[in-house]
Amino acid sequence: MAVVHAEQALAAVAAVAPENLGSARFRADHGVRYAYVAGSMYKAVASEDMVVRMGRAGLLSYFGTGGLRPDRVIAAVRRFERELGEGPYGFNLLAGGDNPRKEEEQVGIFLRHGVRRVEAASFVRPTPAVVRYRLTGVRPARDGAVHVPNRVMAKVSRPEVARSFLEPAPPAMVGDLLARGLLTAEEADLAARVPMADDLVAEADSGGHTDQRPLVILLPDTVRQRDMAAREFPAAAGVRVGAAGGLGTPHAVAAAFVMGADFVLTGSINQCTAQCGTSEAVKDMLQQADVHDMALVPAGDMLETGARAQVLRRGLFYPVRANRLYELYRRHGSLEELDPATAEQLQRRYFRRSFDEVWEETRAYYRQADPDTLARAERDPKHRMLLVFKAYFVQSIRLAMSGSSEHQVDYQINCGPAMGALNALLRGTEREDWRNRHVDELADLLMAGAAQLLSERMRAMAGPDPVPAAPYRRLP
Ligand SMILES: Cc1cc2nc3c(=O)[nH]c(=O)nc-3n(C[C@H](O)[C@H](O)[C@H](O)COP(=O)(O)O)c2cc1C
């Protein structure tokens, strides 16, 4: 047997390069340098500039379409085509919940304008709109496989949702789309061979909407889901599983890859960069944040469901006020039921307007955007209270994004502890100031740092002088 010198063995162990972390197929399919993604953030917080900067660096990111008007989304498509050509870049597709119209409108834009990548989020199960997007344009490939032009990255934090994106589209839904002329016979025929997603993101304790599951549990469990699904449906084996939630340091990224992540996705840390689309005031606050400065609040867009979101807490009244509104909504049947002191406080301090004024504005919005919801609120006083309360959440995002100096305490800043972890790492360096933080350079920092950490750890564990094993001790 050849004698392998310890030094040679160590050199081999040390050869972890950032370009080799994660799935080679992920890098090849998306045409990217790293198995690293910057996730979408609503209202173009994940901005056009962010996507272009990432794309030019050969890295994938998703534009934050949530809450944007169609003309802004279309303008972004044109800009990316002009400046990035084929990519890499994609767009967020948010589930519409009870109101699928918005989702269908988005998919219509994506299909008309040839958008080839979406990051699908907040889905409880595949909907007709996401199924239509996925299956449009599928055709037999020369090698007997199926060519699928539209790529779906689905964010999941629950096993049943993961499962539904590992499987083909529900046959009844495909049949219905075919009957409505939204899929061709060939597309419908091939549907049974196509998993709903190319990539799943196991999203753990993240900024924004979150189920707050620990990544160490969620990621391996999602990988196992994928492997189990592949036993029944072999094409699911090709679905890659990425990690998100809490990734803001090389250590966290290294851990994700060790646990089997095919790629990693960051969110919070990208909000505090020169490229991102929020106000300077928000970035100044984020830059100061520590790992303990976050709080859980009800998610404004899903207030009635009790879904939670993680936000910045430090120096803000928003988290307390958001939780209070949710409690009031749960305990009361209408605005009129609120006791006078509470009603007065909400109008003066939270809304700075009367409920009547808020309702007038809300009504004007829903008349255009969602007449069914408006009709329900006109009939049902509890629903009217819900829509009025939701206006506070919308207003708090607007205040933050505009950088209003008057009402800073009401800023809604979605953010997870990854932000604090990165700040701690950058304190005292030139990147302490967000003006020197750039999305693509953060990717380099995290990926190169993770590769270096892994090299060091593996070298330490490989020798050269193995530490004698501690004698086995029985637990008392
Ligand atoms: C300010 C902010 C806004 C976000 N908005 C969206 C969104 O509109 N759509 C979406 O799919 N994810 C959204 N996310 C989630 C991110 O894309 C990403 O999945 C998440 O931030 C990753 O976890 P991390 O914050 O711990 O890095 C948002 C996150 C933040 C911090």
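In the predicted model, an open sheet of three strands is arranged in the order β9-β13-β12, and its pairing is antiparallel. The edges of this sheet are formed by β9 (208-209) and β12 (294-298), each of which pairs on one side only. Between β12 and strand β13 (residues 308-312), which run antiparallel, there are five bridges, and within this part of the sheet Val 297 stands opposite Ala 309 in β13. Helix α14 (residues 318-331) packs on the sheet, where it touches β12 and β13, and the direction of α14 makes about 25 degrees with that of β12.

A second set of strands forms a closed barrel of eight, which runs β1-β2-β3-β4-β7-β8-β10-β11 with parallel pairing; from one strand to the next the twist averages 30 degrees. In general, the strands of a sheet pair through backbone hydrogen bonds, in either a parallel or an antiparallel manner. Within the barrel, strand β10 (residues 240-244) and β11 pair in the parallel sense over three bridges, and Ala 243 is placed opposite Val 264 in β11.

The ligand is surrounded by 29 residues, of which the closest are Gly 39, Ala 121, Ser 206, Gly 207 and Gly 267. At least two residues of the shell around the ligand are supplied by each of β3 (90-94), β4 (117-121), β11 (263-266) and α12 (268-271). Divided by class, this shell consists of ten nonpolar, 16 polar and three charged residues.

Three helix pairs were examined for their packing geometry. Helix α3 (residues 48-56) and helix α4 (residues 70-84) pack at an angle of about 25 degrees, and their axes are 10 Å apart. Because angles under 35 degrees count as roughly parallel, α3 is roughly parallel to α4. The crossing in which α3 passes α4 is right-handed, and the contact is made by Glu 48, Val 51, Val 52 and Gly 55 of α3 together with Ala 76, Arg 79, Phe 80, Glu 83 and Leu 84 of α4. The residues of this contact of α3 with α4 comprise five nonpolar, one polar and three charged.

For helix α5 (residues 101-112) and helix α6 (residues 128-135), the axes come within 9 Å and cross at roughly 10 degrees, an angle that makes α5 roughly parallel to α6. The crossing of α5 and α6 is left-handed. On the α5 side, Glu 103, Glu 104, Val 107, Phe 110 and Leu 111 meet Ala 129, Arg 132 and Tyr 133 in α6, and the residues of the contact of α5 with α6 divide into five nonpolar, no polar and three charged.

In the third pair, helix α11 (residues 250-258) and helix α20 (residues 439-462) pack at an angle of about 65 degrees, with their axes 8 Å apart. Since angles of 65 to 115 degrees count as roughly perpendicular, α11 is roughly perpendicular to α20. The passage of α11 across α20 is a right-handed crossing. Pro 250, His 251, Val 253, Ala 254 and Phe 257 of α11 make the contact with Leu 446, Met 447, Gly 449, Ala 450, Leu 453 and Leu 454 of α20; by class, the contact of α11 with α20 has nine nonpolar, two polar and no charged residues.

Two features of the backbone are also noted. Most residues other than glycine have a negative phi, and most peptide bonds are trans. The peptide bond from Gly 87 to Pro 88, however, is cis, with omega near 5 degrees, and Pro 88 is found in the loop between α4 and β3. Lys 43, for its part, has a phi near 50 degrees, which is a positive value in a residue other than glycine, and Lys 43 is found in the loop between β1 (36-38) and α3.

Notes. Residues are numbered from 1 along each chain as its sequence is written. This is a predicted model: local features need pLDDT of at least 70, side-chain atom pairs count only at pLDDT 80 or more; totals for chains, interfaces and linings use all residues. Axes are lines fitted to C-alpha atoms, for helices over the stretch in contact, and angles run from 0 to 180 degrees between N-to-C directions. Helices (H or I, at least four residues) and strands (E, at least two) are DSSP runs, numbered from the N terminus. Angles under 35 degrees count as roughly parallel, over 145 as roughly antiparallel, 65 to 115 as roughly perpendicular and the rest as oblique. A crossing is left-handed if the near helix is turned anticlockwise from the far one by less than a right angle, and right-handed if clockwise. Two residues are in contact if their C-beta atoms, placed from the backbone, lie within 7 Å. Ala, Val, Leu, Ile, Met, Phe, Trp, Tyr, Cys and Pro count as nonpolar, Asp, Glu, Lys and Arg as charged, and the others, Gly among them, as polar. A residue is near a molecule or strand if its C-beta atom, placed from the backbone, lies within 6 Å of it. Two strands pair if DSSP finds at least two bridges between them.
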